[in-house]
Every structure is written in C-alpha cells, then in structure tokens.
Amino acid sequence: MTNSTDNSLSSDLNLQVEANEIDLVSLAKAFWRGKLWILLFAAIFVALGGYYVYKVATPLYTSTISLVVTSNQNSVIDFDSVVSGVGQDQSSINTELEVVKSRDLVGKLVDELDLLDDPEFNGFLRNPPVFSIANLLATINPKPKTLPSDFVQREAAINSVLSKISARAEAKSLVFKISATTHSAEKSALILNKLADLYIKEQILVKFEGTENATQWLSERVSELKFDLENSEKLIKGFSSSNELVSPETLASANRQINDLRERSSGLSNKLDELKIIVAAKNSAWEKRNIEQIRLLSNDSILNQILDTSSLDDPKVNERFQFLIEKDREEIEKISAQSFSINEALVVLQKQTDSHSEKLVELEQLQRETEANRLIYEYFLGRLKEASVQKGIQQADTRVLSKAVPKYAPSSPKKPIILAFCFILGSLVGAGLILFREQQDNKIRTSVDLEKLTNIPVIGQIPVVPAKKRSSVIEYLVNKPNSAAAEAIRNLRTSVLLSNIDSPPRVIMSTSSLPGEGKTTQSLALAQNFSGLGQKVLLIEGDIRRRVFSQYFDIKDKKGLLAVLSGKEKLSDAVEYVETLGADVLIGTKSNSNAADVFSSKAFKTLLDTARKEYDIVIIDTPPVLIVPDARVIGQSVDAIIYTVKWNMTTKTQVREGIKMFAQVKLKVSGLVLGQIDVKGMKKYGYGGEYGAYGSYGEKYYHN
C-alpha cells in the first residue's frame, strides 16, 4: 500500500486550520436548534425586567432649565482684568457649567430649600427596606435611631443633589441647559429655578465684590504712585543742584576734541618711530662703511661734497655725519616731548568727559523714571475714577432663557427600552449557553463536518440498521434489499472499488476510533454486498482480543485465525462459509501472544498472500485504533483502510487522534464512513437535508 508523508503532514495541517475556522452556517443552525432555549431565556429576562419596571423601580421625573450667556463686561484694567464677564467661547461656557455644579452653590440651594429635611436627599432620614438586613437587625435588637452631625448630613445632602443634577452646553450656541431628576416633577422644577436664581445672584455678588476690591486696590495703588512721583521729582532737583551739569552738545564738543588729540598723538608717534628707524639705519651704514647708504640716508649736500673729495676716514666726514646724527636725536626728543604733553591733556579731558557723561546718564535715567511714574499715576487715577462709577451697576453675564416647568411624564424607568434590553440580554444569554453547549459537544453529525475536519473524503453514510440484535443485521439486509441501509452499503461498496480505478483494492481493512462505532456490522454488510456481485469474499476477524463475531454467527469447532498462522490448519480448512453472508469467515481465537506481534509476523503476511490468490475480496475487521496498535500493524499489509465514525457519538478530538496515529506510521486512510446515522435525530439537530443523497430515500424506506 503506497502512502505519502507529505499528504499526511498536509492533512494534519488542515485539521488544525479547520479547527480554528468559524462556520457561520453551522453557527446559525446551532442557534436554530436551540431557539426554544433562547426564547425561554428571553422570556425570563423580560419577565424580570417587567417586574422591576412595574413593581420595584421608583418613577423619576426630570425637568430642564435653559440659560444663555449674554455678553462680556468691560474690565476695570485692560492688562489685568479684575471684574470680567463670561467669555463667549466654548471653554468659558464649560467653566460656567462647573460653577453651576459647584459644592458651594449647591450647598446654598440645600439651605434655601431645607433639603436636609427631605428623605430623598438626606439618606439618614430614610427607613431601611422591609426585607433588608438593617431592618432585620433593628427588629432583633431595637435601638434608638441617632443621626450624625448637621455637617455630615449637609455634606451627604449636597452629594445627593449633585448626583441628581446634570448640565450640558448646546453645540454652536451660547445656551447651556441644567437638568434635575427627582421623585417629584414639582420638586425637580423648583430645584432648577432656585439653582438658576442663586447662580445669577452669585454672578452679581462676585462682580460687586470684584469692583469693591478693585476700587480699594486702585486707591492704595494711586497713593503709592503719587508718593513715588513726588520722590522722583525731588531726586531730579537735588541732583541738579549738587552737580555741575553740561548739556549733551557740550559733551559732544569735548568728544570731538578728544578725537583730535588722539589723531595728533598717533601722528607724532608714527613720526617718532620713523626717525628712530632712520637713525638706526645711518649708524648701521656707518659701521658697514657703506658710502652709498650713508649718502642716501643722510641726504645732506654738504656731506656729499665732502665725500666727493674725501674718504670716510677723513675727520671732516665724521664730524659732519655726527652733526647730522645729533640733529636727528634733537628732533626725536622734541617730538617725544610734544607727544607726552598731548597724551597728558588727553587723559585729563577724557576723565572730565567720562564724569560728565555719567552724570548726564544718571540725570536722564531719573527723568525717564519720573516720566514713567507720572504716566502710570495718571493711568491708575483714571481707572480709579472709572471703577468708582461702576459701583452698583453690575449685571449678570447669564440670564434665564426658559424656566423649568414640571413634567409629569416619568423620565425613568424607560419601560420599552428596559424591556427591549432584557429581551436582547436574555437572548444573548441563551445564545451564549447554546454556543457553550456546542463548544463542549464537539461530536460529528454531518459528512461535511467530517470532511472539513480530516480533509479525507467521506465514502459512505450508513443509517442505523433497525435490527433488535446483532445476529439479525445480515438477515435484515438480505430481506430488505431496497432499504436505506442496504442502499448505503451498496454506495460504500462502489466508493471503495472506485477509490483506485487503476488497481481496485482487494484487501480492505475496517477500523474506528473506539469500540461500538459499528465497524464490525459494516464489515459484515460490506462482505454480504460484495458476495452479492458474485465475488468470492473472505471476512477475517482481526480483533482477536474481543472476538465479537460470535455475537453474529454460530460458528463452533473451528480453530480460526491463530491455527492458520501457526500452521496447524490450512486456510481452506479454517474458514467457515456463512450462508446469509455468502462469504467465508475466518474467526479470531484467543491467544497468549501479543496481538500486535501476531499481525506483525511473516505468517500473517503469508496468510494475506494466500487469501489474495484464493479470494476476490478480503475484508479484515480490526480493533479500534485509539485502544490498541493492531490496526496500525494490519494496515501495513492492506490495500484500503475504511475508518468508521459513529454519528453523534464520536468526537472530533477522537477522530483527529485516530487519523494522526495512522499518519505517524505513514498510512493513509482511503475513506471515512459516517455510521449509525439516526434520520430522526438529524432532523432534530437541523440536518434534515444533509443526509447525503439518501435523505428522502431513507425516510421513505426506513421501515421497509
């Protein structure tokens, strides 16, 4: 039997992928099957919701008041607004919403309306429910009721009022609305109207206090500024009288003189440097006895005439040269004296100019400070007069656009919404339980599910054979050749033969995951069907551990399979021809040896070789693959493996494990058979139209 490792690995991969997919059609069918449970839970939740909204819930009434922001108030001081109006942007309106819900304002509301005496807002005044633990304890051990302090009660009442008030801003407008929800429509309207009144009064009070504070602050500030201005003016007068001041023009003239002296000093310094260089060059030329250099540097006609008639050694030449050198030195001393005098005058003039500059700068600084103090003083004096005029004319930045009126239609509980929600919630709970049940119950009920799970074709779908005992199964198939079970067996036989057209299988193995899945009945029925075609068929009982053939046939005095394998009996002598089957049967016998070792022996392979020669079809009924390894051992020597799955009994996990065990030994299952299908059960689970091609046929001839 040729098997492919790649195909086996691909099959395992497909098993994992299929396990993670969601089949919406199957999901819908699961919900349809559990529709009564879903409706039951929906009805229960609706009943509970109805009891709550009609019997338990306390009706609540909501009122709403609308307010509008009018305009901004002018600020007393532009750069630091003391009393400002409400801005007209969204952030300012959101700020006012928080002001409306502030604890201070709500506390005034609690005091104004005496809400501490209202049990709805003061929980300490409410009696506990009749069936509550607190009431039970009070009945067992009665104690006088003590209330906490007024502060604690007031804070609790404020919290209660805040929980019943909400505020929101209308989009793209200056309108904001405040809502209150209480047990009384009149109470809700009263609370809102009083809250709005307190809020507007609070705005006016804040503005009045702001104006008072601004006036007082401005008065103090004006006094301080007047004092600063007077001090500044006194400082200027004192400074002017104690210092010899010059004008900016005089200071500019002095600066020009300084610049002229600096230029003269620089010129003399350059001339002095040039003379020193010339004297040094003359002395150097004299030492080197360079007549041409001496002539050029001296530039003296008398010296040139002497040199024309005498040499450098002539005393006249030396005398004239020294005269010229001395003359240059006198010029150097003269220039140095002039430069020194100019520099001294420059230093004195620079000190005087710097001193005058500092005093002039200090005077100008005092003048600027005095002018600044005068401007600030005049500005604040004007603002003080404006603030004095504003006293008593403050207006609120918000006005009531629409007062709150009692609305006698309860806003809560919303009965239709609650009942609809209960219906949906109950349906979801029911659906969740159905899904949980479906997830836990992973049994196989359709061939489509089986093929998706294993990626192996389903070659047969066999209904339950309506026989009271196992020995009557073959008799039923013989007597009812047109029944659904008989047709299903014929369909299985055809599928097996066509599984390999080039080389139709002759040795066929039948197995399953667990005992009781109908593989033995299927093996017998398949043998009977093959013999009906005129084929010579041998049915081997491969399950030598349980040996269930005795429940179908009355075969005695036969040595069976082990006798043939041991060589004590020939195959032809060990088999028993069963008339109802029309086939030979080789029963299994008890052995002390391990069954897997028996089927791994050469004797078993020799037996199959002999059976191939003597029979057209050999069918081996093997033990379940998940229980013992016999099926995997026998599968190495057969042409086709038929894997039976019991309808609504075998789980997907068991099928996966069974197929995986065959793949691990490089065996490929030829086809799957969904066996013992209950047609009525299929309808119950919503699969009435999915019983293969034999749905209606099996229904018509089910009891034929």
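**Exercise 1. Strand 10 and its partners**

Find the residue of strand 10 that is the bridge partner of Ile508, then work out how strand 10 pairs with strand 6 and strand 7.

*Solution.* Step 1: The bridge partner of Ile508 in strand 10 is Ile619. A word before we go on: this is a predicted model, in which local features need pLDDT of at least 70, side-chain atom pairs count only at pLDDT 80 or more, and totals for chains, interfaces and linings use all residues. Residues are numbered from 1 along each chain as its sequence is written, and side-chain values use heavy atoms, leaving out hydrogens and water.

Step 2: Strand 10 (residues 617-621) pairs with strand 6 (residues 507-512) in the parallel sense, over 4 bridges. Two strands count as paired if DSSP finds at least two bridges between them. Strands themselves are DSSP runs of E with at least two residues, helices are runs of H or I with at least four, and both are numbered from the N terminus. Another bridge links Val507 to Val618 of strand 10.

Step 3: Strand 7 (residues 537-541) also pairs with strand 10 in the parallel sense, here over 5 bridges. In this pair, Val537 stands opposite Ile617.

Step 4: As background, strands of a sheet pair through backbone hydrogen bonds, either parallel or antiparallel.

**Exercise 2. Is strand 10 enclosed or open?**

Decide how many residues of strand 10 are buried, and which way each of them points.

*Solution.* Step 1: Buried means under 20% relative accessible area, exposed means over 50%, and partly exposed lies in between (1.4 Å probe, protein chains only).

Step 2: In strand 10, 5 of the 5 residues are buried, so the strand is largely enclosed by the rest of the structure.

Step 3: Ile617, Ile619 and Asp621 point one way, while Val618 and Ile620 point the other way.

**Exercise 3. The sheet of 8 strands**

Write down the strand order of the sheet of 8 strands, name its edges and describe the helices that pack on it.

*Solution.* Step 1: The sheet is open, has mixed pairing, and its order is 5-12-11-6-10-7-9-8.

Step 2: Strand 5 (458-463) and strand 8 (576-578) are the edge strands, each pairing on one side only. From one strand to the next, the twist averages 25°.

Step 3: Helix 14 (residues 447-454) packs on this sheet and touches strand 5, strand 11 (640-646) and strand 12 (671-677). Contact here means heavy atoms within 4.5 Å. The direction of helix 14 makes about 145° with that of strand 5. Axes are lines fitted to C-alpha atoms, for helices over the stretch in contact, and angles run from 0 to 180 degrees between N-to-C directions.

Step 4: Helix 16 (residues 484-498) lies across strand 5, strand 6, strand 11 and strand 12, at about 165° to strand 5.

**Exercise 4. The sheet of 4 strands**

Repeat the analysis for the sheet of 4 strands.

*Solution.* Step 1: This open sheet has antiparallel pairing and the order 2-3-1-4.

Step 2: Strand 2 (165-169) and strand 4 (398-402) stand at the edges with a single partner strand each, so one side of each has no neighbour in the sheet. The twist averages 30° from one strand to the next.

Step 3: Strand 1 (residues 61-69) and strand 3 (residues 175-182) run antiparallel and are joined by 8 bridges. Within this pair, Ile65 has Ile178 of strand 3 as its bridge partner.

Step 4: Helix 4 (residues 90-100) packs on the sheet, touching strand 1, strand 2 and strand 3, and its direction makes about 170° with that of strand 2. Helix 7 (residues 150-164) lies across strand 2 and strand 3, running at about 40° to strand 2.

Step 5: Look at Ser160, which is in helix 7. Ser160 is buried, with a relative accessible area of 14%, and touches Glu120 and Phe121, not counting residues up to four places away in sequence.

**Exercise 5. The two faces of helix 11**

Sort the residues of helix 11 into a buried side and an exposed side.

*Solution.* Step 1: The buried residues of helix 11 (residues 301-309) are Leu303, Ile306 and Leu307. Seen down the helix axis, they fall within an arc of 100°, so they line one face of helix 11. The arc is that of the directions from the helix axis to the C-beta atoms.

Step 2: The face turned away from the buried side carries the exposed residues Gln305, Asp308 and Thr309.

Step 3: An α-helix has 3.6 residues a turn, so residues three or four places apart point the same way.
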